[in-house]
Structure formats: structure tokens, C-alpha cells
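Colleague: I have a predicted model open here, and I'd like a close look at one part of it. Could you walk me through the largest cavity and what lines it?

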Amino acid sequence: MSISITVKNQDQKPTRLTLENTNLIIELTDSNSDDNNQNHSEAIDFEYIYSIDHHDGKLDIHTATIQDLQTKGTEENGNQTLTNIRPKETKWILNTLHYQIDTEHAAATEAISEFVTQFKNQVVPHHLALSETKVIVVLNPTSGLRLAETQWKTIVKPMLITAGFTESNLTKITTERDGKTRALAEALGQRILSTSEASEPVPIIISMGGDGTLHEVVNGLSDATTEKANGQFRLAVIPAGSGNAFALGLNIESVEQATLKIIKGLNEKPFYFMDVKFGHSQQDEEWQDHVEYDATKKPARLLVVMSWGFHAQIVSKSRYLRYFMGNKRFSLVAMFLLKFLQQYEGELVLKGAKKFNHEKEQFDEQLQTITLTNDKKFTYFIVSKQHSLEKGFKIAPFASPLTNDMDVVILRDADGDTLTKASIEAFQGGDHVKSENVEYFKATELFLRVRDKAELCLDGEIHDLPSKGILHLKVEKSSTEKSSFTIFI
């Protein structure tokens with residue numbers, strides 16, 4: 001069933017607005033045009049409309065839409081390299097459509113009122129008590145290109161207020177250096193759990209920064225629920241960092257789109273992370289069953305990636321270039337490391353695992369324990385919960401933060417050409433996993449023992465693992481019987 005009204009646009013031209021299925025149809029009839037009574041029509045999906053204002057004879061419709069989905073072309077000679085294959089950023093724009101309505105006739109006024117009521121019910125979910133919901137944004141002003149503060153003031157906050165959130169219920173907390181953000185998030189979580197009333201909407205916590213910021217926020221909030229039963233957190237992520245892998249795993253590509261997800265509130269789901277433990281073992285055989293864990297280290301929950309070898313070295317060596325080069329720094333450092341390519345020795349045990357079958361282009365169905373030993377050295381080793389570590393770089397194409405597994409991508413005894421080819425194919429929709437040179441697994445638990453002292457990348461931060469040290473990863477769910485921990489998707 002559709003409903004229509006006739007209004008005037010900013011040029012005083014008659015315009016018909018129609019609600020049809022999940023779209024707003026805008027038809028402009030210009031009787032003075034060369035084509036007499038020609039209709040000019042466009043459709044806007046309700047998904048991209050976040051507020052409707054009806055006041056003083058005016059109707060304002062607020063939208064956030066995609067402007068550009070083009071990708072960068074390759075160099076003139078057609079060759080693809082690690083420096084020219086990155087996709088162009090998707091651009092979103094905010095726009096307000098202004099219309100005048102006829103308030104002199106009772107019938108028109110009644111029709112407008114019915115139209116607006118039906119419009120609001122379909123566009124902004126009526127079950128959300130936006131004006132009563134508290135929003136706390138944990139903002140990292142140094143993430144990515146250092147635009148988070150500006151984006152909060154000019155995009156996120158205005159969108160939330162326009163949609164119906166109350167400005168007095170919006171609170172901003174700025175992150176702190178040297179790992180203090182985790183403690184800040186823990187204190188925030190404890191405060192929410194101790195002060196929230198059952199009759200009030202559960203507050204929304206926004207992590208606005210990169211994957212490192214999100215890592216600290218989730219770990220801190222999780223620390224707050226350790227001794228607290230029935231804790232509930234509603235988490236949203238607004239990508240303002242360099243890679244924004246977690247947001248990409250939820251198919252969120254921009255600040256505007258992420259804010260739209262919060263306003264709509266249509267989907268809140270638990271997510272999965274990788275629980276991390278460090279230890280060692282004196283056993284030569286079945287060592288994974290005799291691990292002595294380091295009790296001095298705080299629990300760590302990875303949302304994005306653990307890597308060792310080539311990828312970890314890229315992250316380690318490019319840390320100091322992020323403010324000057326953005327994501328291009330990864331390609332520059334990668335090309336340097338390719339000239340001095342190293343191999344790494346270690347042992348790997350995967351439990352609850354299945355391997356990607358290159359011929360069938362799908363994972364084997366049977367779960368098993370898979371062991372990779374020192375018969376081949378490791379060149380590239382990555383474990384991910386997200387399909388892309390940055391936009392376009394689909395390193396683990398079947399990974400998802402919403403599934404109970406982690407994706408493991410490995411190249412062993414690979415040379416520079418093989419690694420370069422695999423990297424380029426990762427930018428081509430993840431085609432590298434079809435190659436016989438790439439070993440691709442899904443698993444629920446993982447044990448890695450390195451031969452020599454190694455640098456590991458854990459959600460973008462570099463950690464040292466001593467010689468013969470063991471890393472243990474296990475997939476866990478954010479929501480348990482004791483606590484509910486959901487993410488806006």
C-alpha cells in the first residue's frame with residue numbers, strides 16, 4: 001500500500017512524495033519545461049533516511065547516501081602493483097530535502113499528518129527510545145588521519161541529535177595513551193553496570209577511532225564484567241582509523257553509515273573474538289596439551305588479527321609512518337621487506353579445523369586437528385576474525401566477526417614473487433586463497449610455538465614472544481549466560 005502527498009520543493013515546483021514499499025519516490029512535475037508535464041522521478045531507500053521534521057508548514061527529510069563507488073584504475077601500462085591497486089574510498093554525503101506544504105486546507109493538513117506519521121513509523125523504528133537513551137563515545141583524536149574530533153562535531157553528533165537523541169545525553173570521553181584506555185573503558189563499564197536502572201534504556205557505547213581503540217574498549221568493558229553478573233553493553237563502532245577492519249567485517253565503510261546503523265538500531269548481535277594466552281612447554285611431542293601459561297599477563301581479546309612473520313614485520317616497521325602516509329605505508333614497507341624476505345620456524349596445531357579445498361573452492365566439511373611442523377618454514381602467517389584488514393585487502397575472504405571460528409592464512413617457503421602475487425590477488429576479492437601456494441583454514445582453537453624470539457602483531461600492537469614461546473588462541477562469544485555484549489550491525 002502506498003501513500004502520496006503533493007508539496008513544493010525549494011524552487012517552488014510541485015513535487016509528489018510517495019511511500020512505496022521501502023522507498024520514498026520523489027516525482028517532480030514541471031509544467032513549464034520543454035517536455036510538457038514531464039515527470040522527473042528518483043527513489044531513496046528508507047535505509048538512507050534517518051529523520052523527518054514536520055513544522056511550520058515545512059517538511060524536511062534528512063538523508064545519508066553513497067556518492068561515489070568508483071575504484072582507482074591501474075597505471076597506464078596496466079600493471080598492478082602493491083602501490084596502485086588500492087580501491088578509492090567510498091564517499092557518503094549528508095543532505096536535507098526541504099519542502100513546503102499547504103496548510104490552508106484542512107484536507108491537505110490531514111493528509112500531510114497521516115503521511116508523516118506513516119513515514120516516521122517506517123523510517124525510524126518506533127520502538128527505540130532515542131530521546132531517553134544515553135550515548136557515550138570513546139573517541140581517539142589521534143586515530144588514522146586525526147579527524148575523529150572533527151567528524152564527531154560535524155557528522156556524528158548532529159546526525160544523532162537530528163534523529164532524536166537528546167544532546168544532554170551525549171557524552172564524549174577522550175582516549176589516553178600508553179594503554180590507559182583499557183582502564184578507562186573498564187571504569188566506564190563498572191559505572192554503567194552499577195548505575196543503570198532497569199527502567200532505563202541500556203546506554204550505547206561508541207568506539208570512535210581505529211581497531212586499536214576498539215580493542216582497548218572491548219577489553220576494558222570485558223574486564224568490568226568479570227565479577228559482575230547480568231551485565232549488558234550495547235557497543236557501536238564508528239571507523240575513524242587507518243584500517244578499520246572490524247567495521248569492514250560488519251560491512252560498514254564510513255562514519256556516516258556507522259551513525260546511520262546506530263540511529264536505525266535494527267540489528268544488535270553478539271560477536272566473537274579470539275581469547276589470547278601466552279605460555280611455554282617442555283614437551284617435544286603433544287606439547288600443546290602441556291602448556292604452562294604466564295599468569296602475569298592480563299587476559300587479551302582480539303577482535304581483528306594475530307600475525308607473525310611478514311605481516312607482523314609490516315606492522316612493526318610502518319608504525320611511525322601512519323600520520324604521514326596513511327594506508328600507503330603498508331605497501332611501501334611491504335615492498336622493502338620483499339627485498340630482504342625472511343622465513344620463520346615454528347610449529348602449529350589447529351583444533352576444530354577444516355581446510356580450504358582449492359579444487360572445490362570451499363572448505364572441507366569434516367572438522368579435525370591439523371598439525372604443521374618444521375618441514376617447511378613460515379613466510380606469511382595471519383589469523384583473522386575479519387575478512388579485510390583494510391578496505392580492498394580481503395586477506396581472509398570467508399571470515400566474519402559473527403561466526404564461531406577464526407580464519408588462518410599461511411604461505412610457507414614462499415619467495416618474493418609468490419608473496420607479491422598473493423598480496424595483489426587479496427586485493428582482487430580474495431582470489432589468493434584459490435592458489436596452491438596458499439594454505440587456508442578455519443579453526444576454533446590454535447597453538448603456535450616459535451623456534452626463535454619473534455614479534456607478533458595483536459590487533460595492530462606489537463608483542464614479543466620468546467624463543468620456544470607458545471601463543472594460544474581460542475574463539476569465544478561476547479555474550480554469555482552472565483552478560484550480554486552486543487554490537488550494532
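Modeller: Happy to, and I'll start with the whole chain before going inside. Keep in mind that this is a predicted model. The chain exposes about 23700 Å², with carbon and sulfur atoms supplying 45% of that area. On the inside, 52% of the 489 residues are buried. The secondary structure comes to ten helices and 27 strands. Looking at contacts with a separation of 6 or more, 72% of them link residues 24 or more positions apart.

Now to the part you asked about. The structure holds one cavity of 30 Å³ or more, and the largest cavity has about 50 Å³ of space in it. Going along the sequence, its lining starts with Tyr380, Phe393, Ile395 and Leu411, carries on through Leu419, Ala422, Ser423 and Ala426, and ends with His432. Helix α10, residues 416-426, gives the largest share of that lining, with four residues. As for chemistry, seven of the lining residues are nonpolar and two are polar, while none is charged.

While you have the model open, take a look at another helix too. Helix α7 spans residues 310-318 and is mostly covered, with eight of its nine residues buried. That buried set takes in Phe310, Ala312, Ile314 and Val315, along with His311, Gln313, Ser316 and Ser318.

Methods:
Residues numbered from 1 in each chain as written. Predicted model: local features only at pLDDT ≥ 70, side-chain atom pairs only at ≥ 80, totals over all residues. Heavy atoms only, no water. Helix = DSSP H or I, 4+ residues; strand = E, 2+ residues; numbered from the N terminus. Buried < 20%, exposed > 50% of the residue type's maximum accessible area, 1.4 Å probe, protein only. Contact = heavy atoms within 4.5 Å. Areas by Shrake-Rupley, 256 points an atom, 1.4 Å probe, with all protein chains shown as cover. 1 Å grid on protein atoms, 1.4 Å probe; cavity = no way out; pocket = protein on both sides within 12 Å on 5 of 7 lines; lining within 4 Å. Points joined across faces, edges and corners; volume = space filled by probe spheres on them. Nonpolar A, V, L, I, M, F, W, Y, C, P; charged D, E, K, R; others polar.
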